[in-house]
Amino acid sequence: MRSKSVAPVPRRPSPSPARSHPAPENGGSTDSCRVRVAVRVRPKNSEELAHGADFDSCVELQPESKRLKLKKNNWSCESYKFDEVFSENASQKRVYEVVAKPVVESVLEGYNGTVMAYGQTGTGKTYTVGRLGKHDPSERGIMVRALKHIISSMSFETDRVAISYLQLYLESVQDLLAPEKTNIPIVEDAKTGEVSLPGAAIVEIKDLEHVFQLLQIGEANRHASNTKMNTESSRSHAILIIHLQRSSRIKEENSCSLSNDTHDIFPDDLPLVLKSKLLIVDLAGSERIDKSGSEGHMIEEAKFINLSLTSLGKCINALAENSPHIPTRDSKLTRILRDSFGGTARTSLVVTIGPSSRHYSETSSTILFGQRAMKVVNTIKLKEEVDYENLYKKMEREVDQLTSEMERQQKLIKSEKILVDKKLKETERSFHDLRVTSSMQIENLEKEKCQLESAVQKLMQDLEEEKCQKNLLSEQIIGLEKLLSENKQQQQLENLSKTKILTDTTKEHEKEMGELLRQLEEERCCSSSMKDHMSILQQQLCDAQSSVQLQETMARDLEKKLTKVTEEFTSQVQSLKQTISELISEKEVIYEELKSTQEKVQQEIWQRQGLEDQILRLKQTTSDNYAEESKTSCGMVRSGSGLGNAAFVSKSGKLRETGTISKIFEEVGLPNVLALLKSEDLDVQIHAVKVVANLAAEDINQERIVEEGGLDALLSLLETSENTTIHRVTAGAIANLAMNGLNQGVIMSKGGARLLANVASKTDDPQTLRMVAGAIANLCGNEKLHLMLKQDGGIKALLGMFRSGHADVIAQIARGIANFAKCESRVISQGHRKGRSLLIEEGVLTWMVANSTRFSASTRRHIELTFCHLAQNDGNTCDIIASGGIKELLRISRESPREDARNLAKKALDSNPAFLKEVQ
Ligand SMILES: Nc1ncnc2c1ncn2[C@@H]1O[C@H](COP(=O)(O)OP(=O)(O)OP(=O)(O)O)[C@@H](O)[C@H]1O
């Protein structure tokens, strides 16, 4: 698409309006513009020069006043004013500059244009328009000059130019660049009135050399004959369509290049393109059959030419007179030129006349035609469109970016979650460890405390006991001392009275006293050792108490530590909880973002799908329509060798699109695509069938499409639709599905062969017949279905399609019967079946012998193989002999380019005694 360095397409001042016209509907700007008409007089040819006075000139030009005088005879003449008059000396360059250049410039600005030559046969239309002048540039006609002008004015980086070259011959449109394409339909868009020729080749132009090559091909394919009036008389109308697509807007630089309406319709960031078409038309010459000397087939040609020119004249008359009804539908020529006269194109007409008075009446009617055409006013209209291809690519890029961003964010969240989970687990583990160790420590401390307390208690008890014993001893000592003093007093009293007894008693008492003293001494010793022991015990108690105090302090410290650790842990847990909740809320936000991104992506996908639908629809309705082309010109991209199946998909370039379709199909889903097959809108339906047909060309989709009900929908379309395009593409889709062995039985059981036969009986469109024949040919490759195929009329329909005479259709028929014969011969050789071939019962043998000369070389190979396979079956011997097939078998055994065919034919001839006898 357009790069910023490319200047916006320049604007021309609008011509002044000549007639009021409706306001634009799609944002394009419109102007009224009258058809410009110039007249060109051909120099006298050799015959006219030779006959002198007989061929006196009836034309006189007045170039200054742009007038032409037409002399009827010496006393009567008429004068006509044109936009320009060219004498016989006017150069090709000048004619181009006056007639065509303004139209080409207008086309470069985005308007449609038409340049057309009209005139009697032999007056120089082809010379003016179609002359190539490859070696003499001064000779070049309008076609070459216009293309050279366009190529030099556009940028190949951002713009595209392509051509279609067609001829209208015997009311049939034929492609001059691909002459096998005949009967090309003319499609008119009901809404825009735009005319397109789907199926016509559109070839992108590279350079002038390429232009010469293509125009030469077209020239070689154009119908021309030698008539009395012109040795190289064109027998068809040639139409060169130049398709031009130019980028029209870059957001910043060209806001001035668009009308306000356009801005309202297309947002600033949409890429826009200007699409325009230039039709250069070289009409076949009008002729009087008596003068041109046309005979036989040429009379037929002349009738068609005159008929279409008459209907063009009627349309011009009706337009010139502002008639409410313009009979454009009367001929294909007027349908193709619908936009050129009274439409949206800027149109220039050059009318060519001969100078000779012998052709006064033809010259006069040509001039009147030109005069009337000058009254026609077109409404030229700028057609600005969204460049969906570019937009699609842009959106695809954006979706990719969004998807990768989404994936990146998902990965980020995942890794963050793993990190948080890990952290949480670690914290839980350390908290648990801490709890276990602290509870163990507390337990130990408790135990120690209990042990110390019981030790202190025991010491206190011991101390108490010691104290009691000491008291007891003190009391005993006091009692003894008291006793001693009483004894002393008694002794003193007794001493006075009883001296002897006293001595004895004193001795005894002294003894007792000694004993008591000793006991007292012992008691004292014991008491002092008890005191020592007690002081030791007291010391021990003190120690124990201080140890208890120490332990208590330690326990308190530990408790404090534990409280601190617990607090720290609690705060850690809290902060972790905080982090987790933050992470969770962050996660929720990211999830929300992801959700909205996913929704956005989904929307983008739907939008993209919608846009693609529109692109395809637009492609279909414009003449650079690839989809339609692919449909009508579809070839066998993937055709198996020999008798293999054939997939019906579009030509090169469409495989890439199939890839995109598969991608979208994955995103949109098969049920949604299949649902579109039942759409009310025919365009959508056609597009959906095309998508399904493309998908069905891929092996991996074939079974799924049938499982999801796609086959039912296709068969129902085949049965109910009246539309030829639907028939053609649906048959192609079924042909693709029929490549799959499993699908073949399903297609047959659902009446597929009967429906295909029905379509074949109703149409003459070679492309549709090719699809139908291809589908039946694929079904022929399954021996289990042979009987049903015959009963459902499949074989009859296959042979019946031969009537089209189209090489591609015949190739499919031949492939089908060869498939059938091969499988049948295998089944018979394995002993699973006996008797006459089902193909022979349907008259294949007679058909092959009768048409043997009409087959192309490649088709002939299939036919040869069919002969050989049929000849392997004894049940067919009589039929082969009766139909004269022996001769054909002999020929194949000697001359066939295929070794397998030669061997098969020899084998059949050598092994069958009836054949041997016949040969001898
Ligand atoms: N302006 C001209 N200068 C020189 N030769 C001319 C000129 N116009 C036509 N001729 C010659 O006259 C002959 C007939 O011209 P041409 O084939 O272009 O006619 P035509 O109108 O296309 O005829 P038809 O309708 O039968 O195809 C050709 O030989 C051509 O070279």
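**View 1. Helix 10 against strands 3, 4 and 5 in the predicted model.** In this predicted model, helix 10, made up of residues 360-373, lies across strand 3, strand 4 and strand 5, and the helix runs at about 145 degrees to strand 4. Beneath this title belongs an open sheet of 3 strands, arranged in the order 3-4-5 with antiparallel pairing. Strand 3 (59-62) and strand 5 (76-81) are the edge strands, each of them pairing on one side only, and the twist from one strand to the next averages 20 degrees.

**View 2. The pairing of strand 3 with strand 4.** Strand 4 covers residues 67-73 and pairs with strand 3 in the antiparallel sense, with 4 bridges between the two. Within this part of the sheet, Gln62 stands opposite Arg67, which belongs to strand 4.

**View 3. The shell of residues around the ligand.** The ligand is surrounded by 16 residues, of which Thr121, Lys125, Thr126, Ser233 and Ser234 come nearest. Helix 3 (125-130) and strand 14 (233-234) each supply at least two residues of this shell, and it is helix 3 that gives the most, with 3 residues.

**View 4. Polar atoms facing the oxygen atoms of the ligand.** An N or O atom in the side chain of Thr121 is 2.5 Å from an oxygen atom of the ligand, while for the side chain of Lys125 the distance from an N or O atom to an oxygen atom of the ligand is 2.8 Å. Gly285 takes part through its backbone, where an N or O atom lies 3.0 Å from an oxygen atom of the ligand. Taken alone, the ligand exposes 620 Å², and the protein buries 78% of that area.

**View 5. Helix 21 and the helices that cover its buried residues.** Helix 21 spans residues 752-762, and its buried residues are Gly752, Ala753, Leu755, Leu756, Ala757, Val759 and Ala760. An α-helix has 3.6 residues a turn, so residues three or four places apart point the same way. The cover over the buried residues of helix 21 includes helix 18 (710-720), helix 19 (724-737) and helix 20 (741-749), together with helix 22 (766-780), helix 23 (786-791) and helix 24 (794-800).

**View 6. Two loop residues with positive phi, Leu170 and Asn183.** Most residues other than glycine have a negative phi. Leu170, however, has a phi near 50 degrees, a positive value in a residue other than glycine, and its place is in the loop between strand 8 (160-169) and strand 9 (172-175). With a relative accessible area of 27%, Leu170 is partly exposed. Asn183 likewise has a positive phi, near 50 degrees, and is found in the loop that lies between strand 9 and strand 10 (187-188).

**View 7. The whole protein, as context for the close-ups.** The protein comprises 920 residues, of which 48% count as buried, and its secondary structure includes 32 helices and 21 strands. When contacts between residues at least 6 apart in sequence are considered, 74% of them join residues at least 24 apart. The protein exposes about 46100 Å², and carbon and sulfur atoms supply 51% of this area.

Definitions and conventions:
Residues are numbered from 1 along each chain as its sequence is written. This is a predicted model: local features need pLDDT of at least 70, side-chain atom pairs count only at pLDDT 80 or more; totals for chains, interfaces and linings use all residues. Side-chain values use heavy atoms; hydrogens and water are left out. Two strands pair if DSSP finds at least two bridges between them. Axes are lines fitted to C-alpha atoms, for helices over the stretch in contact, and angles run from 0 to 180 degrees between N-to-C directions. Contact means heavy atoms within 4.5 Å. Buried means under 20% relative accessible area, exposed over 50%, partly exposed in between (1.4 Å probe, protein chains only). Accessible areas come from the Shrake-Rupley method with a 1.4 Å probe; for residues, only the protein chains shown count as cover. A residue is near a molecule or strand if one of its heavy atoms lies within 4 Å of it. A polar contact is a pair of N or O atoms within 3.5 Å; within protein, one must be able to donate a hydrogen and the other to accept it, and residues adjacent in sequence count only if both atoms are side-chain atoms.
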